[in-house]
Amino acid sequence: MELGLVGLGKMGGNMRERIRRAGHTVVGYAHDPQTTDVASLKDLVDALSAPRVVWLMVPAGQATQSTVDELAELLSPGDIVVDGGNSRWTDDERHAEQLAAKGIGFLDCGVSGGVWGLENGYALMYGGDAELVARVQPIFDALRPEGEFGAVHAGKVGAGHFAKMVHNGIEYAMMQAFAEGWELLERVEAVTDVREVFRSWQQGTVIRSWLLDLAVRALEEDEHLDRLRGYAADSGEGRWTVEAAIEHAVPLPAITASLFARFGSRQDDSPQMKMVAALRNQFGGHAVESK
């Protein structure tokens with residue numbers, strides 16, 4: 001199968017490689033001349049045989065909107081656009097309507113896997129018409145992890161990004177819990193090896209997880225996280241999760257508190273946010289601030 005892939009950053013570049021390894025043809029486009037396969041979006045569209053599938057991995061908001069606007073003029077009826085970035089789910093409905101007016105299909109796809117996806121595969125949550133999903137299924141199968149689980153047709157347009165948004169909200173709360181536990185262990189004089197305490201939890205405990213494994217990895221690299229500033233950014237999904245909870249009157253005290261804890265990190269050098277920042281860097285390659 002042929003695929004056009006727009007955006008070849010930390011995730012997009014690895015996704016291109018994983019899809020190619022599965023035997024598909026990928027034409028990638030990025031502004032970076034060192035990574036792009038073609039010089040423009042028009043060249044990408046021209047390089048694909050109709051009906052085309054173009055997958056977006058660009059930042060949410062204006063960058064995604066401008067790309068959709070340009071593709072709406074370049075693509076043909078019967079083509080499909082898949083937004084695999086972290087767009088807000090309400091934007092998906094607008095993009096689907098905009099492209100449908102041109103006879104172009106639209107799917108949204110939440111993608112989780114960070115910088116480890118090339119090796120481990122990407123968890124996928126996609127939304128849209130079943131007929132369109134079936135046409136893109138070979139690409140979903142190439143990206144997903146091996147095994148029975150790891151991909152889901154979550155529902156209609158917007159469902160994929162809504163599911164990914166909730167996933168990221170849960171991720172916020174889990175990271176905050178690890179961070180709070182780590183700070184308390186570090187503060188108590190009786191505990192002399194916090195890193196090994198975390199490592200001991202990797203086997204046989206109910207909190208063993210990939211996040212715990214990444215916490216141990218971060219502590220192996222910097223035992224007390226002395227090289228990090230206690231500052232953790234938020235990329236938007238946590239805020240959107242809390243806003244959706246308010247709209248639907250669903251109580252989310254843990255997720256909401258974890259989001260506000262990140263806001264607090266921007267006022268002080270928070271020890272807990274050192275661990276949150278370290279975890280975000282481990283799983284997603286997100287930037288950290290050094291002391």
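Below, a visitor asks about the largest pocket and one helix pair in a predicted model.

Visitor: What kind of model is this, and how are residues numbered?
Guide: The model is predicted, with local features needing pLDDT of at least 70 and side-chain atom pairs counting only at pLDDT 80 or more, while totals for chains, interfaces and linings use all residues. Side-chain values use heavy atoms, without hydrogens and water, and each chain's residues are numbered, as its sequence is written, from 1.

Visitor: Which element gives the most residues to the lining of the largest pocket?
Guide: Elements giving two or more residues to this lining include α3 (62–74), β5 (105–112) and α12 (271–284). Helices (H or I, at least four residues) and strands (E, at least two) are DSSP runs, numbered from the N terminus. The most, eight residues, come from α7.

Visitor: How do the residues of that lining divide into nonpolar, polar and charged?
Guide: Ala, Val, Leu, Ile, Met, Phe, Trp, Tyr, Cys and Pro count as nonpolar, Asp, Glu, Lys and Arg as charged, and the others, Gly among them, as polar. The lining holds 23 nonpolar, 20 polar and seven charged residues.

Visitor: Are α7 and α12 roughly parallel, roughly antiparallel, roughly perpendicular or oblique?
Guide: Their axes, lines fitted to C-alpha atoms over the stretch in contact (heavy atoms within 4.5 Å), have angles from 0 to 180 degrees between N-to-C directions. The axes of α7 and α12 come within 8 Å and cross at roughly 130 degrees. Under 35 degrees is roughly parallel, over 145 roughly antiparallel, 65 to 115 roughly perpendicular and the rest oblique. The two helices are therefore oblique.
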